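I opened this model to look up a few side-chain contacts and the core. The entries follow in the order I made them.

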Amino acid sequence: MNTRAVNTDETTYAARPSAPGPGTWRRVLQAAAVAATVPYLCLKGAWLAGSHIGIPDGSVLLGPGMFFKAANAVTLVMDAAVIVLVLVFTRPWGRRVPAWLLTLPVFVATGLLVPIVVAFPGQLLVRAVGLGPDAAAQAAREPFLDPWVFNVVYGGFIVQAIALAALFVPYARERWGGLWQGVQGERLPSPTGVVAGAAAALAVVVAAVEFTWAFGGTAGLSASQIAQFNPETGVVFATYGMCTLVAGAGAVNLARGGSRQAWWALAVAWTGAAAAASWGLWLLISCAGTTDPAKAVTTEMVLTYAGQMITGLLAAAVLVRFLASRRRPE
């Protein structure tokens, strides 16, 4: 009788669908991240092979020179690196990858993806409420890429960002969890405070310029950017400004120390520093690729993008000093 009862209970228990375990979710995220790279990798591979899919006639991407070909090759490798990061975060050998070798790819991935996660949905919202460019304005814009390319590629980037973050957090907790346990603690040494102050001051100046551009200001912009400005462009500038401010504020917060949770302070500083530094550098590189005098960037634009990058690098320096003060043997 008792045996039957136990067997019945076991049979009943076995028949119940079990909840997905951590391994199941990790495999789902792994598959999602890898699948999200496919459209971008296929497009870049096609362009490198000479295809013009998704590129309208007259686009600057079809111009002579090696800049865009080199950019396509580099960005293809960068997106392929997402697959490598997924493997690092999910395979047993991933914990043996040296921290110094892993830090830069994760930092750059964070910096390039986070602003897209913020700005692209913001642009879609602006378009949905009727504030985007009208048909006449769209027709007057210089051709660059077919609209479907942005939807496919940026949608994939957002999936990559979410999946990578969900995979990285448990990986980092298992490997370096001690670095963000507890509160921030004591104030960092004075030289670090000076660096944090410089990051904050520069962030305010740069963000002020970028927010001015976001709301339609034209001072310092090139003629081509002024002609093509619309609310969707404003969302992008506003995102740059927010990321730059977060970098400066995150640096000051880390340098001051205190009773705030260390994980929260680290997350803010890491995200802001990565976004400001990565996109600042990317925009500077893009400026170098402009060869048409009519579209030449201004000195003010170059200085703003450089200031954005420097703000991120200064905040990253504070972040490194904070982590060094809490480092424990792995």
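Entry 1. Loop before α9.
I started at N230 and looked for what its side chain touches. A polar atom of that side chain lies 2.8 Å from the backbone nitrogen of E232. The N230 side chain also has a polar atom 3.3 Å from the backbone oxygen of Q228. I placed N230 in the loop between α8 (223–228) and α9. Is N230 buried or exposed? Its relative accessibility is 6%, so I put it down as buried. I note here that the model is predicted.

Entry 2. E232 and its partner.
E232 is buried as well, with a relative accessible area of 9%. Which residue forms a salt bridge with E232? I found R127, with the closest N and O atoms 3.1 Å apart. R127 sits in helix α4 and E232 in helix α9, so this pair ties together parts 105 residues apart in sequence. At 40% relative accessibility, R127 counts as partly exposed. Buried is set at under 20% relative accessible area, so E232 at 9% qualifies, whereas R127 at 40% does not.

Entry 3. The other salt bridge.
How many salt bridges does the structure hold? I counted 2. Besides the pair already entered, E174 forms a salt bridge with R26, and their closest N and O atoms are 3.8 Å apart. This pair also links distant parts of the chain: E174 is in helix α6 and R26 in helix α2, 148 residues apart. The relative accessibility of R26 is 25%, which I entered as partly exposed. As a general reminder to myself, side chains of opposite charge can pair when their charged atoms come close.

Entry 4. R175.
I moved on to R175, which has its place in helix α6. Is R175 buried or exposed? With a relative accessible area of 10%, R175 is buried. I looked for a polar contact of its side chain and found a polar atom 3.3 Å from the backbone oxygen of R95. R175 is also in contact with L102.

Entry 5. L102 and the core.
I listed the contacts of L102, leaving aside neighbours within four places in sequence: L85, V88, F89, V97, Y171, R175 and W176. The largest nonpolar core has 65 residues, and F89 and L102 have the most contacts inside it. Which elements give two or more residues to this core? They are α2 (22–48), α3 (67–90), α4 (99–128), α6 (147–176), α7 (190–214), α9 (231–256), α10 (262–288) and α11 (299–326). The most comes from α10, with 12 residues. In soluble globular proteins, nonpolar side chains tend to be buried together.

Entry 6. Aromatic pairs.
I searched the whole structure for aromatic pairs and got 11. For F89 and Y171 I noted ring centres 5.3 Å apart and planes at 45 degrees, so the pair is tilted. Why tilted? Planes under 30 degrees apart count as stacked and those over 60 as edge-to-face, so a pair between these limits is tilted. F89 lies in helix α3 and Y171 in helix α6, so the pair ties together parts 82 residues apart in sequence. Both rings belong to buried residues: F89 has 4% relative accessibility and Y171 has 3%.
Y171 forms an aromatic pair with W176 too; this one is edge-to-face, at 5.9 Å centre to centre and 80 degrees between the planes. W176 counts as buried at 14% relative accessibility. I also entered one aromatic cluster, formed by Y40, F120, F150, Y154 and F157.

Entry 7. Whole protein.
I left the overall figures for the end. The protein has 11 helices and 2 strands, and along the sequence the pattern reads α-α-α-α-α-α-β-α-α-α-β-α-α. Of its 330 residues, 38% count as buried. Among contacts with a separation of 6 or more, 85% are between residues 24 or more positions apart. The protein exposes about 17600 Å², and carbon and sulfur atoms supply 69% of that area.

Definitions and conventions
Residues numbered from 1 in each chain as written. Predicted model: local features only at pLDDT ≥ 70, side-chain atom pairs only at ≥ 80, totals over all residues. Heavy atoms only, no water. Helix = DSSP H or I, 4+ residues; strand = E, 2+ residues; numbered from the N terminus. Buried < 20%, exposed > 50% of the residue type's maximum accessible area, 1.4 Å probe, protein only. Contact = heavy atoms within 4.5 Å. Areas by Shrake-Rupley, 256 points an atom, 1.4 Å probe, with all protein chains shown as cover. Core = buried A, V, L, I, M, F, W, Y, C linked by side-chain atoms within 4.5 Å. Phe/Tyr/Trp six-rings, centres within 6.5 Å; stacked < 30°, edge-to-face > 60°. Polar contact = N/O pair within 3.5 Å; in protein donor to acceptor, adjacent residues only side chain to side chain. Salt bridge = Lys/Arg side-chain N within 4 Å of Asp/Glu carboxyl O.
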